[in-house]
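Dear colleague,

I am handing over the structure below, and after it you will find my notes on the empty space in it. Please read them alongside the coordinates.

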Amino acid sequence: IPGVCIAMVLALVFKEPDVGTTMLLASVAGGMLLVAGVRWRFILPPAIAGAVGLGIFLLNDPMRRERIFSWIHLEENKQGVGFQAYQAMLALGSGGWTGLGLGNGRQKLGWVPYHHTDFIFSIIGEELGLIATLLVIAGFVAIVLCGLYIALNASDTFGLLLGSGITFLIGLQAAINIGVVTSALPNKGLPLPFISYGGSNLLIMLTCVGLLLSIAR
């Protein structure tokens, strides 16, 4: 029954289409089911079927297929589909240890598309350097560890599930965004929590933190 409810929601998001958010929510839902104690034999078959179905969809979708191929062969596609990812790598590399200085970045002047949303992490690396990017990652790791600690010490099962789900949502979204910017993952189009431009995402993320604090109390 939970699987059917989850599938209905994911189908609507997938239909938009928003494959990145669908994969994120599916991963969060799967993690919550495991925390809830669902047996692997109930999770693995639909997970494998979903992965196969997603692979077939990606191979038959020209835009997303090109994204995957450009991610695998970034140098060959740096003037085409891989332009954004390649320029983000240049931004991260040019920042060095301490960066070019706040506001002195060059890649945001038309070179990195959507630099204020999906690819803000690359501009942080260019202007503030490797030290700042490591601090951002450390911040998200701290949020995840605190979230897991709060969830595991919740007073009831509902708090455990809500806390773990929120923690998975924030942690996975940050990991996917940073993975895309550093070319460890193909482009998904997900924002960086708390940092990317956008009021609605920030509102939801801060609400999630408030819920975690409520569970902790």
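**Pockets, a cavity and one buried serine**

Helix H2 gives the most to the lining of the largest pocket, supplying 9 residues. Please keep in mind that this is a predicted model, and that what follows was computed from it.

The largest pocket holds about 800 Å³ of space. Its lining is made up of 25 residues, among which Leu10, Ala26, Pro46, Ala47 and Gly50 are the closest to the centre. Three elements give two or more residues each to this lining, namely helix H1 (2-15), helix H2 (19-36) and helix H3 (40-59). Sorted by class, the lining of the largest pocket comprises 19 nonpolar and 6 polar residues, with no charged residues.

The second largest pocket has a volume of about 250 Å³. It is lined by 14 residues, and those that lie nearest its centre are Val19, Arg64, Arg67, Asn187 and Lys188. H2 appears here as well, since at least two residues of this lining come from H2 and at least two from helix H4 (62-72), although it is H4 that gives the most, with 4 residues. By class, the lining of the second largest pocket has 7 nonpolar, 3 polar and 4 charged residues, whereas no charged residues line the largest pocket.

Turning to enclosed space, the structure holds 1 cavity of 30 Å³ or more, and the largest cavity contains about 40 Å³ of space. Its lining consists of Asp118, Phe119, Asn177, Val180, Val181, Asn187, Lys188, Gly189 and Leu190, which by class gives 4 nonpolar, 3 polar and 2 charged residues. Asn187 and Lys188 therefore deserve a second look in the viewer, because a residue is counted as lining when an atom of it lies within 4 Å of a point, and these two are listed both for the cavity and for the second largest pocket.

One further residue may interest you, and it raises a question: is Ser122 buried or exposed? Ser122 lies in helix H6, which spans residues 120-152. Its relative accessible area is 0%, and because buried means under 20%, Ser122 counts as buried. Leaving aside residues up to four places away in sequence, Ser122 touches Ala88, Ala91, Leu92, Val112 and Val181. Of these contacts, Val181 is also one of the residues that line the largest cavity.

With best regards

Note on methods
Residues are numbered from 1 along each chain as its sequence is written. This is a predicted model: local features need pLDDT of at least 70, side-chain atom pairs count only at pLDDT 80 or more; totals for chains, interfaces and linings use all residues. Side-chain values use heavy atoms; hydrogens and water are left out. On a 1 Å grid over the protein atoms alone, a cavity is a set of points where a 1.4 Å probe fits but cannot get out, and a pocket is an open set with protein on both sides within 12 Å along at least five of seven lines; lining residues have an atom within 4 Å of a point. Grid points are joined across faces, edges and corners, and a volume is the space filled by probe spheres set on the points. Ala, Val, Leu, Ile, Met, Phe, Trp, Tyr, Cys and Pro count as nonpolar, Asp, Glu, Lys and Arg as charged, and the others, Gly among them, as polar. Buried means under 20% relative accessible area, exposed over 50%, partly exposed in between (1.4 Å probe, protein chains only). Contact means heavy atoms within 4.5 Å.
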